[in-house]
Amino acid sequence: MSNDHYLVAADPDAHVELAFCADRTRGLAGGRPWFLMEHSTSAVNWQPRNVAKRPGEMLRNSLVHVARGADAVCFFQWRASRGGAEKYHSALVPHAGTDTKVWREVVALGRVLEALAEVLGTRVEADVALLVDYPAQWAVELDSHPSVDVEGLDRAHALYRAAWDLGVTVDVVPPSVDLTPYRAVLVPTLYLLSDHDATALARYVEGGGHVLVTYFSGIVDEHDHVRLGAYPGAFRDLLGVRVEEFFPLRREESVRLDDGTAADVWTELLQPAGADVVARYVDGPLPGVPAVTRRTVRDGVAWYVGTRLDRCGTHRLVRRVLADAGVDPVREVPQGVEVVRRVGSDRAYLFVANHTAEPVDLPAVGTELVTGAPCDGSVRVGAGEVAVVRQAG
Amino acid sequence: MSNDHYLVAADPDAHVELAFCADRTRGLAGGRPWFLMEHSTSAVNWQPRNVAKRPGEMLRNSLVHVARGADAVCFFQWRASRGGAEKYHSALVPHAGTDTKVWREVVALGRVLEALAEVLGTRVEADVALLVDYPAQWAVELDSHPSVDVEGLDRAHALYRAAWDLGVTVDVVPPSVDLTPYRAVLVPTLYLLSDHDATALARYVEGGGHVLVTYFSGIVDEHDHVRLGAYPGAFRDLLGVRVEEFFPLRREESVRLDDGTAADVWTELLQPAGADVVARYVDGPLPGVPAVTRRTVRDGVAWYVGTRLDRCGTHRLVRRVLADAGVDPVREVPQGVEVVRRVGSDRAYLFVANHTAEPVDLPAVGTELVTGAPCDGSVRVGAGEVAVVRQAG
Amino acid sequence: MSNDHYLVAADPDAHVELAFCADRTRGLAGGRPWFLMEHSTSAVNWQPRNVAKRPGEMLRNSLVHVARGADAVCFFQWRASRGGAEKYHSALVPHAGTDTKVWREVVALGRVLEALAEVLGTRVEADVALLVDYPAQWAVELDSHPSVDVEGLDRAHALYRAAWDLGVTVDVVPPSVDLTPYRAVLVPTLYLLSDHDATALARYVEGGGHVLVTYFSGIVDEHDHVRLGAYPGAFRDLLGVRVEEFFPLRREESVRLDDGTAADVWTELLQPAGADVVARYVDGPLPGVPAVTRRTVRDGVAWYVGTRLDRCGTHRLVRRVLADAGVDPVREVPQGVEVVRRVGSDRAYLFVANHTAEPVDLPAVGTELVTGAPCDGSVRVGAGEVAVVRQAG
C-alpha cells in the first residue's frame with residue numbers, strides 16, 4: 001500500500017489534508033505500515049501557483065507521514081530536469097545544485113530517518129473511525145442531485161478537522177471494516193452503502209458504540225437505487241428520524257440553529273421517530289424543524305445532523321459526541337500542535353509536530369530521537385519542528 | 001398549445017417569470033385557454049441547487065397558471081423513481097410516500113381544481129400588449145454585436161415586471177397580431193422585425209395607439225440585414241429620432257439621466273427628428289444627449305428609451321406611458337399581490353394571489369370558489385394563498 | 001512592415017498599449033517608418049462590450065501612430081455592411097451615412113494628414129531600448145511553470161508604462177539588435193534567450209551600458225532547456241546574483257520591501273554574488289532576502305529585480321535606472337501628456353498628444369502643422385487634441 005501526496009498550495013489547511021490522506025492510506029492498508037511513494041522537496045509544477053516549501057516544512061511533512069504510519073519516505077524526483085513538462089517540479093537535486101536549501105534539507109532528512117529506524121513496523125493507535133468510501137464518494141458527485149454544494153469529501157474533511165483540532169487520532173476506513181475496536185464512528189455523508197454495511201453499523205451501535213451521521217447518508221444502495229420510504233434510507237431506523245424532503249439552500253444562504261450555530265448548503269424536512277431533538281432551525285425554509293438529533297440505542301448512541309454546520313458548530317458537536325463516547329484525546333495540546341502515537345510490542349513513539357510559530361512544551365518521559373536528548377517530564381518542540389519521543393510501551 | 005414550466009430557484013422573482021411565461025403561452029394560443037403540461041410539486045433535479053417549494057407554493061403556482069389561462073394543470077412526474085437521472089426530481093408521490101407534505105398538497109390541489117371547474121373556457125382580459133418574438137430573440141443573441149449585455153429577454157422581463165407591479169395584465173404576443181384592441185403596446189428590444197410588422201405598428205399609433213420602444217429595436221429586417229440610414233431603422237420615422245452610433249457602456253459602468261434615473265449597459269448618440277426630449281444623460285460618454293423621447297402622432301403617442309433604465313426608472317416610465325394611454329390597473333393592489341381576471345359570457349373570475357407574508361383584503365362582491373364563502377364587499381386572502389371570486393360578468 | 005491595431009475597451013490604459021504596439025512595430029521595422037494597415041474609426045464588434053470612440057479619439061489615436069513612426073493610417077472598413085459577422089464593426093462610412101460624427105472626423109483626419117505630409121520618412125529618436133521577443137513571450141506562457149501569474153508581456157507593459165509616464169521614448173526591439181546606440185536597456189522577464197544574445201547584453205554593459213532585468217529572465221536557452229546552476233542562468237554573472245529557488249506568491253498575496261514598495265506574484269531565494277543589495281523583503285516567505293540588486297560592471301551597471309513591483313515601485317525604479325544612465329526625458333511633461341519626436345535630415349517634428357481633460361502649454365518654437373500657427377516659445381494643446389510642431393532639426 002502506498003500513496004503519492006502533494007500539498008495543495010491554495011489550501012490554508014493543507015497540513016490537515018496531509019494528515020487525512022496519511023490516515024486514509026493506513027486505513028486502506030488495514031492499519032499496517034505503508035509507503036509514501038512520492039512527495040516533493042518543495043514546489044510542484046502543476047498547480048496554478050506552485051508555492052515553495054518554507055524552511056523545515058519538507059521535514060515536518062515527512063515526519064507527519066511517518067507518525068501516521070509511513071515506513072518509507074520517497075520523492076519525485078531525483079534531479080530537476082533541464083527540459084520537458086516537469087522541469088519546474090522540485091527535486092532532491094535542484095537546478096541550482098547541492099549548495100541549496102533543498103539539498104541541505106534532503107541530507108538532514110536522511111539523518112533524521114536513520115535516527116528513527118526503530119519506529120519501523122510499529123502501528124498507529126486510534127479510538128475513533130471515520131468512514132470514507134470510494135464508491136460512495138464517486139456516487140455522491142454524480143450530477144442531477146439536489147445540490148452541487150454537496151461535495152464528495154466535504155463532510156469527511158470537516159469531521160476529520162474537528163478531531164484533528166481536538167488532538168484525537170482517527171482511522172479513516174471503508175465501512176466494511178470491523179468497527180468493534182472503536183469507541184466512536186464518524187459517518188460523513190456516506191451517500192451509498194450496502195444493506196450489509198448498514199446492518200453492521202446498526203449492530204455496532206446496539207453493542208454500545210457511538211455514531212455520528214451527517215446528511216445525505218444511506219440514501220442509495222450499492223446499485224445507486226434510492227431506498228424508498230423516508231430518508232435517510234439505510235439509517236432511518238438506527239437514527240430514529242424520518243426525512244420526507246430535502247431543502248437545499250441557495251448559494252451563500254445560511255440558517256441559524258437554536259443553539260446559536262450557523263449552517264449552510266443543506267436543510268431537510270425531518271421528523272423525529274424515536275430520536276431526541278438536540279437543535280432546531282430558527283430561520284430559513286424550515287423554522288422549528290429539528291436539525292440535530294440523538295437516539296439512545298441500548299448501550300449505544302446514534303447522532304444525526306441534517307445540515308452543514310459551520311466549522312465552529314462541527315467542532316462543538318464532534319467534541320460532544322466523542323466525550324459522550326468516552327474518547328480521550330491523546331493529551332491536551334495547544335492549537336496547531338499535532339500529536340500521534342505509534343505503538344510497538346514494548347515501546348511507543350510519541351510524535352509531536354508543531355505547526356505554530358512559537359515553541360511548545362508537552363509532558364513526556366523518555367528519549368527524543370531526533371536530537372537524542374532525554375525527556376524527564378517534558379519535551380520542547382521548536383516552531384515548525386517535530387519531536388519523536390520513545391516511551392515505555 | 002401547452003407549456004412546461006419550472007421555477008428557477010436562483011431567481012428571486014421567479015413568480016413573476018411564471019406569470020410572464022403563462023401570458024406568453026396564452027399569447028401563442030391566440031388568447032384561448034391552454035394546457036400546463038408539466039410543472040413540479042416541489043424541487044427539480046437539473047439546477048445547481050434544487051430548492052424545494054415552501055408549503056402552499058405549489059398550489060399558488062398552479063392557480064396563477066389557471067388565472068392566466070391554463071385550463072389544465074399537469075405534473076412531471078407521477079412517482080419518484082428509485083433509479084436513473086431523474087430520481088431527485090419531485091413527483092406527485094415522493095420517495096417518502098403519501099404521508100408527506102407533497103402528497104397532501106397534491107390532494108388539496110385536486111379538490112381546489114374541482115371547485116374551479118366553471119372557470120374552464122373563460123378568457124383573460126388585457127388592455128396592454130407586450131411584443132415578444134422568437135426570431136427576434138434568437139437574432140439579438142447572435143455574436144459580434146455591440147454588447148454582450150444586451151440579452152434576449154432582458155427588457156421584455158423588465159417591462160413585464162413594471163406592468164406586473166402596477167397590477168396591469170398584459171398579453172405577451174408576437175408582433176404580427178392585431179394590435180387594435182390594445183390601449184398600449186410595449187416593444188422591448190425588438191431587434192428583428194419585418195417591414196410589414198413595422199408598418200402595422202406605425203398604423204396602430206396613427207390610429208391613436210400608444211407605444212413604448214426600447215433600444216436596439218427595429219435594427220434588422222427578417223433576413224438579419226441592417227436597415228441603412230440612422231437607427232432604429234424600422235422605427236426611426238415613427239419615433240422621430242435619429243441614432244447615428246451605439247455607445248455601449250463598460251461592465252458595471254452606469255450613467256445618470258437629468259430626471260435622476262440611473263441606467264447602464266447601453267447609450268446611443270441620438271438626435272430628435274420630430275420627437276420631444278423627455279430626459280437626457282448628465283454624464284457618461286454622451287452628456288446632454290437625449291435618452292428618452294416622446295412623439296405625438298395624430299391621436300397616438302410613440303415613446304422611445306435609448307438606454308437600460310434601472311428597475312425604478314423602468315417602473316416610472318411604464319406607469320407614465322400606461323397612464324397617458326388611459327390604461328386602468330384592474331384595481332389598486334398592495335405590492336406583491338397579483339390580480340388577474342378571466343371573463344366568461346356572463347360571469348367573470350377574479351384571481352387574487354397573495355405572494356406576501358401578511359393577509360390582504362381586496363374589494364370584491366360574489367362568491368369565493370376555493371372556500372365557497374360569499375364576498376359582500378371584500379375578500380380576505382391569507383399569506384401565500386389564492387382566492388378566486390366569481391363576479392357578475 | 002505593418003500593424004493592425006485595435007483598442008481594448010476594458011483596458012483603462014488602452015492609449016499606452018497603443019503606443020507600445022506602435023513602438024514594437026517600429027522596432028520590428030528596424031526603426032524605419034511603417035504602415036498602420038488597420039485600425040477603426042470607432043467601436044469594433046469582437047469584444048464583449050464594444051465601446052465607441054469619443055469625439056477626437058480617432059484623430060488622437062491616428063496621430064500617435066504617426067508620431068511613433070507610421071507613415072500611413074488605414075482603416076478597416078470602408079463602408080459598414082448590411083449583413084454578415086462584421087456589420088457592427090465601425091467603418092469610414094457608418095450605417096447612418098455621411099451626416100455623422102464618424103464621417104466628419106474621417107474627413108478631418110484626411111486634412112490633417114495632408115498638412116503633415118512633410119513628416120513622411122522621418123525617424124523616431126529613442127535613447128532607451130526595451131527588449132521584447134516573440135519566442136520568449138510564447139515560451140513563458142507554456143504551462144507547468146511556477147506561476148500562472150507570470151504573463152507574457154506583463155513586465156514589458158509595466159516597464160513601458162513607467163517610461164511613458166516619464167516622457168521617455170523607447171524602442172521596443174528584439175534582443176538581437178545592436179544595443180550600442182542606447183543609454184539604457186530594459187529587459188522585462190525575457191525568459192528565453194540564446195547564449196549569443198546574452199553575451200551581447202553582457203558586452204553592452206561592459207562597454208558602459210545600463211541594464212534593468214526583471215525576474216524569470218534568461219532561464220532557458222532557445223531550445224527551452226533550463227540553464228543549470230543557479231538562476232537566472234544567462235544573466236547570473238552579469239547581474240551578480242544567485243537564485244536557488246522560486247517562491248511564487250498565492251493569489252492576492254503581496255509582500256513589502258524595506259523601501260516601502262509593495263510587490264506581488266513572485267519572489268525568489270536570492271543571494272548576492274557580486275551585486276549590491278538595493279532593497280529586501282520585510283515579510284512574505286523570504287523576509288530579509290534581497291529583492292532588488294545593482295552591480296557595477298566596469299563603466300556599466302546591471303540592475304535586477306526579483307519580484308513584481310507595483311506600479312508606483314516600478315515607476316520609481318525605472319526613473320532611478322534611467323537617471324543613473326543619463327537618460328533625459330524629451331522634456332518635462334504633465335501627467336497624461338505624450339511627447340514624441342520624429343527627426344529628419346534638417347528638421348524635427350514634436351508630437352504632443354494631450355490625453356487629459358484640460359488644455360496644456362508646452363515650450364516649443366517653430367510652426368504647429370495642424371493649425372499652421374507659429375509657436376514663438378510655447379504651444380497650447382487642447383484637451384484630447386494633438387499638436388505637431390516643426391522644429392529646426
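In chain C, strand 19 (residues 360-368) and strand 20 pair in the antiparallel sense over eight bridges. The model in which this pairing appears is a predicted one. Within the pairing, Leu362(C) stands opposite Val379(C), a residue of strand 20 of chain C.

Strands 19 and 20 of chain C belong to an open sheet of six strands, whose order is 4-17-18-21-19-20 and whose pairing is antiparallel. Two strands of chain C form its edges, strand 4 (123-124) and strand 20 (374-381), and each of them pairs on one side only. Helix 2 (residues 57-67) of chain C lies across four strands of chain C, namely strand 4, strand 17 (337-343), strand 18 (347-354) and strand 21 (386-392). Relative to strand 18 of chain C, helix 2 of chain C runs at about 145°.

Chain C also takes part in interfaces with chain A and with chain B. The principal values are set out below.

| Interface | Residues in contact | Buried area | Share from carbon and sulfur atoms | Salt bridges | Residue pairs in polar contact |
|---|---|---|---|---|---|
| Chain A and chain C | 23 residues (chain A), 31 residues (chain C) | about 2300 Å² | 48% | three salt bridges | 14 residue pairs |
| Chain B and chain C | 31 residues (chain B), 22 residues (chain C) | about 2300 Å² | 48% | three salt bridges | 14 residue pairs |

Consider first the interface of chain A and chain C, with an area buried between them of about 2300 Å². Arg49(A), Arg82(A) and Tyr88(A) supply 34% of the area that chain A buries against chain C, which is more than any other three residues supply. Three salt bridges cross this interface. In a salt bridge between the two chains, the side chain of Lys87(A) meets that of Asp224(C), with an N to O distance of 3.3 Å. The side of chain A that touches chain C comprises, by class, eight nonpolar, seven polar and eight charged residues.

Turning to the interface of chain B and chain C, three salt bridges are found here. Arg49(C) and Asp149(B) meet through their side chains in a salt bridge, at 2.6 Å from N to O. On the side of chain B that touches chain C, strand 9 (residues 241-246) of chain B gives the most, with five residues. Sorted by class, that side of chain B has 17 nonpolar, six polar and eight charged residues.

Key. Residues are numbered from 1 along each chain as its sequence is written. Chains are lettered from A and ligands numbered from 1 in the order in which they are written. This is a predicted model: local features need pLDDT of at least 70, side-chain atom pairs count only at pLDDT 80 or more; totals for chains, interfaces and linings use all residues. Side-chain values use heavy atoms; hydrogens and water are left out. Contact means heavy atoms within 4.5 Å. Buried area is the accessible area (1.4 Å probe) that two parts lose on being put together, summed over both. A salt bridge is a side-chain nitrogen of Lys or Arg within 4 Å of a carboxyl oxygen of Asp or Glu. A polar contact is a pair of N or O atoms within 3.5 Å; within protein, one must be able to donate a hydrogen and the other to accept it, and residues adjacent in sequence count only if both atoms are side-chain atoms. Ala, Val, Leu, Ile, Met, Phe, Trp, Tyr, Cys and Pro count as nonpolar, Asp, Glu, Lys and Arg as charged, and the others, Gly among them, as polar. Two strands pair if DSSP finds at least two bridges between them. Axes are lines fitted to C-alpha atoms, for helices over the stretch in contact, and angles run from 0 to 180 degrees between N-to-C directions.
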